[in-house]
Protein chains: 2
Amino acid sequence: MMNSDQAATLLKQKGVRPSYQRLRVLQYLHEHIGHPTAEEIFTALSVDIPTLSRTTIYNTLHTFVSYGLVNCLTLDGVETRYDVVLQKHGHFKCHRCGTIFNFMMDVDRIETSGLEGFVIENKNIIFTGICPDCSFKKTKKGE
Amino acid sequence: MMNSDQAATLLKQKGVRPSYQRLRVLQYLHEHIGHPTAEEIFTALSVDIPTLSRTTIYNTLHTFVSYGLVNCLTLDGVETRYDVVLQKHGHFKCHRCGTIFNFMMDVDRIETSGLEGFVIENKNIIFTGICPDCSFKKTKKGE
DNA sequence: ATCATTATTGTAATGATTACAATATAGGTT
DNA sequence: AACCTATATTGTAATCATTACAATAATGAT
């Protein structure tokens with residue numbers, strides 16, 4: 001999906017020093033676009049990098065966010081999740097299985113009133129409900 | 001805005017036993033629609049109810065959410081906020097002063113693709129940016 | 001090779017929230 | 001009105017994500 005060189009190029013492009021840890025975090029995010037948490041990234045990379053620190057993960061993610069490499073989102077109020085998909089999209093969280101799905105939408109077509117004079121920098125659209133899989137299981141079990 | 005009797009009626013209507021603490025929390029939420037946190041509610045009500053416990057606030061808010069009396073939202077990933085305005089609306093958070101504004105929008109007019117087969121139960125629209133006040137201050141100071 | 005800057009690490013602290021057990025209260029029943 | 005059971009409140013301790021901070025390590029420029 002994204003090799004070491006591509007990751008390094010991307011980091012340099014954005015003005016972020018391409019350390020080994022940063023490369024690995026960026027690659028991980030590109031290989032796991034299901035909105036991982038800091039803890040998930042830490043656990044996964046720790047296997048390969050035993051000396052890795054949680055603090056590094058947090059620092060790295062903060063750096064990525066501030067340099068516009070990833071977006072962060074808090075869907076449930078528990079953990080912050082990170083997303084390398086930067087094109088405008090909505091998030092759907094299934095409250096049964098917890099999976100987060102991306103969906104397409106034209107964010108800029110939303111008509112609002114009451115925001116005259118506001119500088120809008122970011123638009124987050126979060127839907128919650130039940131995903132098709134869980135919906136199907138529920139029907140089958142006859143709950 | 002909402003007296004004790006009105007609050008009691010509303011609670012009974014929804015099947016929630018109208019204890020003194022619950023009445024006060026519900027009244028507080030109706031008098032402070034700026035999306036208070038559990039801590040803010042606790043601090044404010046503690047003055048009048050010195051024996052009040054933080055746990056009661058959390059229990060009460062969870063009860064309210066599960067009985068559909070209030071909505072909760074996490075805007076910044078730090079604290080959960082509570083909202084008695086149940087009509088569909090969007091939230092705008094100013095990242096300079098932290099204030100949260102409601103704005104009107106037609107949530108159901110948003111066109112999406114990729115959500116076929118999904119049961120949508122809730123739609124949250126969160127914008128971030130700079131509010132007119134902060135925008136104005138910034139201009140004046142010439143930062 | 002040297003030096004200053006920046007990144008990583010580990011530990012300790014913070015802050016919101018939850019778990020849990022003891023006590024208190026509410027509402028229905030005699 | 002007293003009684004009893006179910007439910008609510010309280011306080012403390014635990015949990016979990018995140019941050020603060022200081023020491024060490026690595027990077028890049030001179």
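**The chain A–chain B interface and a helix pair in chain A**

Across the interface of chain A and chain B, the rule turns up one salt bridge. This is a predicted model, and the pair in question is E111(A) with R109(B), whose side chains come together at 4.0 Å, N to O. Polar contacts add to the picture: twelve residue pairs are counted between chain A and chain B, with both partners at pLDDT 80 or more.

On the chain A side, strand 4 (100-105), strand 5 (112-113), strand 6 (119-130) and helix 5 (132-141) each chip in at least two of the residues that touch chain B. Strand 6 of chain A takes the largest share, with twelve residues. Sorted by character, the side of chain A that touches chain B splits into 16 nonpolar, twelve polar and seven charged residues. As for the overall extent, the contact draws 35 residues from chain A and 35 residues from chain B. The area buried between the two chains comes to about 2,900 Å², and carbon and sulfur atoms give 60% of that.

Now to a helix pair within chain A. Helix 1 (residues 4-14) and helix 2 (residues 20-31) of chain A pack at an angle of about 105 degrees, and their axes sit 9 Å apart. The two helices of chain A are therefore roughly perpendicular to each other. From helix 1 of chain A come S4(A), A7(A), A8(A), L10(A) and L11(A), which meet R22(A), L23(A), L26(A), Q27(A) and H30(A) of helix 2 of chain A. The residues of this helix 1–helix 2 contact in chain A break down as six nonpolar, three polar and one charged.

Key
Residues numbered from 1 in each chain as written. Chains lettered and ligands numbered in written order. Predicted model: local features only at pLDDT ≥ 70, side-chain atom pairs only at ≥ 80, totals over all residues. Heavy atoms only, no water. Axes fitted to C-alpha atoms, helices over the stretch in contact; angles between N-to-C directions. Helix = DSSP H or I, 4+ residues; strand = E, 2+ residues; numbered from the N terminus. Parallel < 35°, antiparallel > 145°, perpendicular 65-115°, else oblique. Contact = heavy atoms within 4.5 Å. Nonpolar A, V, L, I, M, F, W, Y, C, P; charged D, E, K, R; others polar. Buried area = accessible area lost by both parts, 1.4 Å probe. Polar contact = N/O pair within 3.5 Å; in protein donor to acceptor, adjacent residues only side chain to side chain.
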